[in-house]
Amino acid sequence: MTTIGINTLVYMNELKNGTVQSELLPIIAQHGITLAEVRREFIRDDAELDAIARVAANEGLDLFYSVPESLTIDGKEHPQFLEFLQEAQRMGVKNVKFNQGDIKDVDAQVIARIDAAASEYGVTLTIENDQTPENGTLECTRASLEHIHDVHGCIGYTFDLGNWFWRNENPDDAFEQLHDRITVFHLKNVNGAKTREELSTTMLEDGVIDWQPMLTQLSEDIPVFLEFPIAAQDVAAQIAVVKSVVEA
């Protein structure tokens, strides 16, 4: 059965009001969720890493880690790459997500080193299509994933459904072309506005993306994360919407 996860971005209102992510994990678990993705940009201090690890273990949560940094820069690993993996290991994280960076152009040896480090620290890695021209177009994402495949790399792919709109890309075309490379799915819907200033996420049933058929085409081992701000009182209903599709 498909695992539904919660990215802590769902609780953006709480994060803005000062709630730390370790305090959000029990709230996530109360929804019957067993998979949560924490975000590096909201970790306040070093002690929070241990708090997240402790609470996740107590709540029976598996953790993913979102790092808003490029995996490779100027043809080699991010200068803090090992630091990010050390943080992940301290929290007991299973997967770490990065921006693509210039991975489509790096030597095979660089990708081999990245894979070896991930194995040493006991995590898997993914790259994501984000909302930037450097890391978010279909062309660069396809090139990155093809290069990883050609050099027999192990780096997976987090498909962010809504982000395509911020790059004026068609999410259906992207899904069709990248479907075989997806290892994690970030689910959001959008209002379809034509300008970046007016573009925003919506509740899943209110947006313009026909996302349900995509979920039915994913294998059950690909986790599906809610990853957009939701009012706390509406989270359960959005989880139910996803369950109605993946458990049908």
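Here are three short exercises, with worked solutions, on a predicted model.

**Exercise 1. Work out which strands pair with E7, and how they run.**

Start on the E6 side: E6 and E7 run parallel and are joined by five bridges. For one residue pair there, look at asparagine 99, which sits opposite glutamate 128 in E7. Now go to E8, residues 156-160: three bridges tie this strand to E7, and again the two run parallel. Here threonine 126 faces glycine 156 in E8.

**Exercise 2. Trace the helices that link these strands, then decide: is strand E7 largely enclosed or not?**

Begin with E6, then follow helix H5 (residues 108-120) into E7; that makes a right-handed β-α-β unit. Carry on from E7 through helix H6 (residues 138-150) to E8, and you've got another right-handed β-α-β unit. As for burial, count a residue as buried when its relative accessible area is under 20%. Four of the five residues in E7 (residues 124-128) pass that test, so the strand is largely enclosed by the rest of the structure.

**Exercise 3. Describe the largest pocket: how much space does it hold, and what lines it?**

First, the volume: the largest pocket holds about 260 Å³ of space. Next, the lining: 17 residues contribute, and those closest to the pocket centre are Arg39, Glu128, Gln131, Asn163 and Glu227. Then check the elements: strands E3 (62-70) and E6 (93-99) are the ones that give two or more residues to this lining. Finally, sort the lining by character, and you get eight charged, five polar and four nonpolar residues. One link back to the first exercise: Glu128, among the residues closest to the pocket centre, is the E7 residue opposite asparagine 99.

Terms used. Residues numbered from 1 in each chain as written. Predicted model: local features only at pLDDT ≥ 70, side-chain atom pairs only at ≥ 80, totals over all residues. Heavy atoms only, no water. 1 Å grid on protein atoms, 1.4 Å probe; cavity = no way out; pocket = protein on both sides within 12 Å on 5 of 7 lines; lining within 4 Å. Points joined across faces, edges and corners; volume = space filled by probe spheres on them. Nonpolar A, V, L, I, M, F, W, Y, C, P; charged D, E, K, R; others polar. Buried < 20%, exposed > 50% of the residue type's maximum accessible area, 1.4 Å probe, protein only. Pairing = 2+ DSSP bridges. Right-handed = clockwise from strand over helix to strand, strands pointing away.
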